[in-house]
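I keep these entries as a plain record of what I looked up, one topic at a time.

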Amino acid sequence: MKIATYNVNGISSRLPVLIRWLNETSPDVVCLQELKAPQENFPEAAINEAGYNAIWHGQKSWNGVAILTRNLPIEEICRILPGDPEDSHSRYMEAKVNGIIVGALYLPNGNPAPGPKYDYKLKWMDRLTLRAAELMSLDAPVLLTGDFNVIPTGFDVYKPERWVKDALFREETRTAFERLMGQGWTDAIRKLYPNDVVYTFWDYFRNNYERNAGLRIDHFLLSPHLINKLVAGGVDRHVRGWEKSSDHAPVWIQLNDVF
DNA sequence: ATGCCGTGGAAACCACGA
């Protein structure tokens with residue numbers, strides 16, 4: 001089973017690129033972030049026509065997440081991250097697909113830091129860590145994936161010294177991420193490529209993609225049950241070079257789907 | 001060190017992203 005994550009940066013503007021990539025790579029499960037569309041404007045017909053079922057949680061202007069599957073039923077578990085009834089952002093969906101619990105997330109950016117947006121990010125990470133602990137305690141195959149807006153280490157960014165005060169890389173962010181990982185999650189892409197520079201995002205300006213001045217912020221966290229099922233993974237880097245591309249590239253893993 | 005680009009929504013600029 002091939003599972004992918006893709007921050008599309010606006011599904012309306014990205015639809016041709018998304019469909020082209022789906023046709024080219026045929027992932028079985030796709031988690032999308034930054035739909036930037038209200039619930040009623042999700043292009044369900046076009047997604048269905050490409051061969052995918054979808055559940056989504058939209059929001060006007062910002063955020064928005066979706067889970068797509070090809071020939072697999074989706075059993076929705078929830079569409080908000082538990083822990084804060086005041087939080088109105090569409091940033092989390094959870095569903096069971098093919099026996100795996102998939103937590104699909106768009107973690108807050110948090111800039112400028114410090115400030116209220118950074119406080120929100122850290123609180124959101126605390127809530128995610130609580131939910132992740134609950135999922136871990138189920139002793140079931142669980143996958144947390146999406147745009148984490150966290151650069152785990154200095155090896156995951158071009159010129160880390162420029163990012164030490166940024167919400168994606170500052171010490172509190174990395175500490176919070178390490179606390180989550182300490183529950184026993186495995187960073188699938190880093191496990192597959194322990195010694196390679198891997199980026200999943202390149203800013204639109206300053207020819208960052210052409211210069212490979214990127215970040216690795218889109219991740220797959222595997223619960224222990226899935227570690228031995230991981231057979232491959234990578235970044236569909238070339239998609240970032242297409243016309244009208246997102247600033248993120250799709251990232252994917254392949255799991256040996258015997259349960 | 002920086003929003004230089006891109007998107008959406010409202011309004012012909014601004015918020016937001018990372």
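Which residues of α1 are buried? I noted I11, R14, L18, W21 and L22. I also wrote down that this is a predicted model.

**Entry: helix α1**

I looked up the extent of α1 and found residues 11–25. Its end C-alpha atoms are only 18 Å apart, whereas a straight helix of 15 residues would span 21 Å at 1.5 Å a residue. I then checked for a bend and found one of about 35 degrees at V17.

I went back to the buried residues. Residues three or four places apart in an α-helix point the same way, because there are 3.6 residues a turn. I11, R14, L18, W21 and L22 are the buried residues of α1, and what covers them includes β2. Just after α1, S26 has a positive phi of about 45 degrees.

**Entry: strand β2**

Since β2 (29–33) helps to cover the buried residues of α1, I looked up β2 next. Is β2 largely enclosed or largely open, and why? I recorded it as largely enclosed by the rest of the structure, because 5 of its 5 residues are buried.

I sorted the residues of β2 by direction. V29, C31 and Q33 point one way, V30 and L32 point the other way, and all are buried. As a general note, side chains in a regular strand alternate between the two faces of the sheet.

Which strand did I find paired with β2 in the parallel sense? It is β1, residues 2–7, and the two are joined over 5 bridges. For one bridge I noted the partners: I3 is matched with V29 in β2.

**Entry: the sheet of 6 strands**

I looked up an open sheet of 6 strands and copied its order as β5-β6-β7-β8-β12-β9. The pairing is mixed. Its edge strands are β5 (75–78) and β9 (186–187), each of which pairs on one side only. In general, strands of a sheet pair through backbone hydrogen bonds, either parallel or antiparallel.

For one pair inside this order I took β7, residues 100–106, and β8, residues 142–147. They run in the parallel sense and share 6 bridges. A104 is opposite T145 in β8.

**Entry: A95**

I picked A95, which is in strand β6, residues 92–97. Why does A95 count as buried? I found 21 C-beta neighbours inside 10 Å, and a residue is buried from 20 upwards.

I then listed the contacts of A95, leaving aside neighbours within four places in sequence. They are I55, I67, I74, E75, E76, I77 and V102. I also looked up the distance to L222, which is 127 residues from A95 in sequence. The two C-alpha atoms are 15 Å apart.

**Entry: unusual backbone angles**

Most residues other than glycine have a negative phi, and most peptide bonds are trans. I searched for exceptions.

The peptide bond from N111 to P112 is cis, with omega near -5 degrees. The bond from A113 to P114 is cis too, with omega near 0 degrees. P112 is in the loop between β7 and α3 (116–137), and P114 is in the loop between β7 and α3 as well.

K36 is not a glycine, yet it has a positive phi of about 55 degrees. I located K36 in the loop between β2 and α2 (44–49). K36 is buried, with 20 other C-beta atoms within 10 Å.

K244 is not a glycine either, and its positive phi is about 60 degrees. K244 lies in the loop between β13 (230–235) and β14 (251–255). Is K244 buried or exposed? I entered it as exposed, with 9 other C-beta atoms within 10 Å.

**Entry: S88**

I looked up S88 in the loop between β5 and β6. S88 counts as exposed because it has 10 C-beta neighbours inside 10 Å, and the limit for exposed is 12 or fewer. S88 and A37 are 51 residues apart in sequence, with 15 Å between their C-alpha atoms.

**Entry: DNA strand B**

Which residues come nearest to DNA strand B? Of the 27 residues around the strand, I noted G10, S12, N109, N111 and F205. The residues of the surface near DNA strand B divide into 9 nonpolar, 9 polar and 9 charged. N111, listed here among the nearest, is the residue from which the cis bond to P112 starts.

Definitions and conventions
Residues numbered from 1 in each chain as written. Chains lettered and ligands numbered in written order. Predicted model: local features only at pLDDT ≥ 70, side-chain atom pairs only at ≥ 80, totals over all residues. Near = placed C-beta within 6 Å. Nonpolar A, V, L, I, M, F, W, Y, C, P; charged D, E, K, R; others polar. Helix = DSSP H or I, 4+ residues; strand = E, 2+ residues; numbered from the N terminus. Expected span 1.5 Å × (residues − 1). Bend = angle between axes of the 7 residues up to and from the residue. Contact = placed C-beta atoms within 7 Å. Pairing = 2+ DSSP bridges.
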